[in-house]
Amino acid sequence: QVQLVESGGGLVQAGGSLRLSCAASGTIFSLHTMGWFRQAPGKQRELVATITNGGTTNYADSVKGRFTISRDNAKNTVYLQMNSLKPEDTAVYYCNRMNPVLTTRAMSDSWGQGTQVTVSS
């Protein structure tokens, strides 16, 4: 059974930085494209960034230039470095494996607990 454990969230002022981590177990992590998603109150979950097993990255326009996704296959962990944070980045952040065919969708409907990011103005 795949487990995803997100951490690193917190309260930060606008313009600040946070680094999120997602530790995966129960899967061959290095084979998968991984993604970070976020869900703000009253909104649908949205895709923020993805990274392939080869290290190719992709970002939502809203975070491009501010967020950086990376991975450490030896640690089965994917990271999200978030700089120049804005109040509109406030959300619960989740990671998941990406669907290899429907490449903007998560592979599974099973999600971790997420990590809360709150950006004050």
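This briefing describes the sheet, the nonpolar core, the disulfide and the aromatic pairs of the structure above. The structure is a predicted model. Six of its strands form an open sheet with mixed pairing, and its largest nonpolar core has 27 residues. The structure also holds one disulfide and two aromatic pairs.

**The six-stranded sheet**

- The strands of this open sheet follow the order β2-β10-β9-β4-β5-β6.
- The edges are taken by β2 (10-13) and β6 (57-59); each has a single partner strand, so one side of each lacks a neighbour in the sheet.
- On average, neighbouring strands of this sheet are turned by 25 degrees against each other, direction ignored.
- Strands of a sheet pair through backbone hydrogen bonds, in either a parallel or an antiparallel sense.
- For β4 and β9 the sense is antiparallel, and the pairing runs over six bridges.
- Gln39 has Val92 of β9 standing opposite.

**The largest nonpolar core**

- Among the 27 residues of this core, those that touch the most other members are Trp36, Val78, Leu80, Met82 and Tyr93.
- At least two core residues come from each of β3 (18-25), β4 (34-39), β5 (46-51), β7 (67-72), β8 (77-82), β9 (91-97) and β10 (115-120).
- Strand β3 provides the largest share of the core, with four residues.
- Beyond its neighbours within four places in sequence, Leu80 is in contact with ten listed partners, among them Leu18, Leu20, Trp36, Val48, Phe67, Ile69 and Tyr93.
- The contacts of Leu80 also include Arg19, Ala49 and Thr68.

**The disulfide**

- The disulfide is formed by Cys22 and Cys95, whose sulfur atoms are 1.7 Å apart.
- Cys22 belongs to strand β3 and Cys95 to strand β9, so the pair links distant parts of the chain, 73 residues apart.
- Both Cys22 and Cys95 are buried.

**The aromatic cluster**

- A pair of aromatic rings is described by the distance of the centres and the angle of the planes.
- Phe37 and Trp111 form an edge-to-face pair, with 5.0 Å from centre to centre and 85 degrees between the planes.
- Because Phe37 lies in strand β4 and Trp111 in the loop between β9 and β10, this pair ties together parts that are 74 residues apart in sequence.
- Phe37 counts as buried, with 5% relative accessibility, whereas Trp111 counts as partly exposed at 24%.
- The rings of Tyr94 and Trp111 also form an edge-to-face pair, since their centres are 5.8 Å apart and their planes stand at 75 degrees.
- Tyr94 lies in strand β9 and Trp111 in the loop between β9 and β10, so this pair ties together parts that are 17 residues apart in sequence.
- Tyr94 counts as buried, with a relative accessibility of 11%.
- Through these ring pairs, Phe37, Tyr94 and Trp111 are linked into a cluster.

**Tyr59 in strand β6**

- Tyr59 lies in strand β6, a strand at an edge of the sheet.
- Tyr59 is nevertheless buried, because its relative accessible area of 17% falls under the 20% cut-off.
- Not counting residues up to four places away in sequence, Tyr59 touches Val48, Ala49, Lys64, Phe67, Thr68 and Ile69.
- Tyr59 and Met98 are 39 residues apart in sequence, and their C-alpha atoms are 14 Å apart in space.

Methods. Residues numbered from 1 in each chain as written. Predicted model: local features only at pLDDT ≥ 70, side-chain atom pairs only at ≥ 80, totals over all residues. Heavy atoms only, no water. Core = buried A, V, L, I, M, F, W, Y, C linked by side-chain atoms within 4.5 Å. Buried < 20%, exposed > 50% of the residue type's maximum accessible area, 1.4 Å probe, protein only. Contact = heavy atoms within 4.5 Å. Disulfide = S-S within 2.5 Å. Pairing = 2+ DSSP bridges. Axes fitted to C-alpha atoms, helices over the stretch in contact; angles between N-to-C directions. Phe/Tyr/Trp six-rings, centres within 6.5 Å; stacked < 30°, edge-to-face > 60°.
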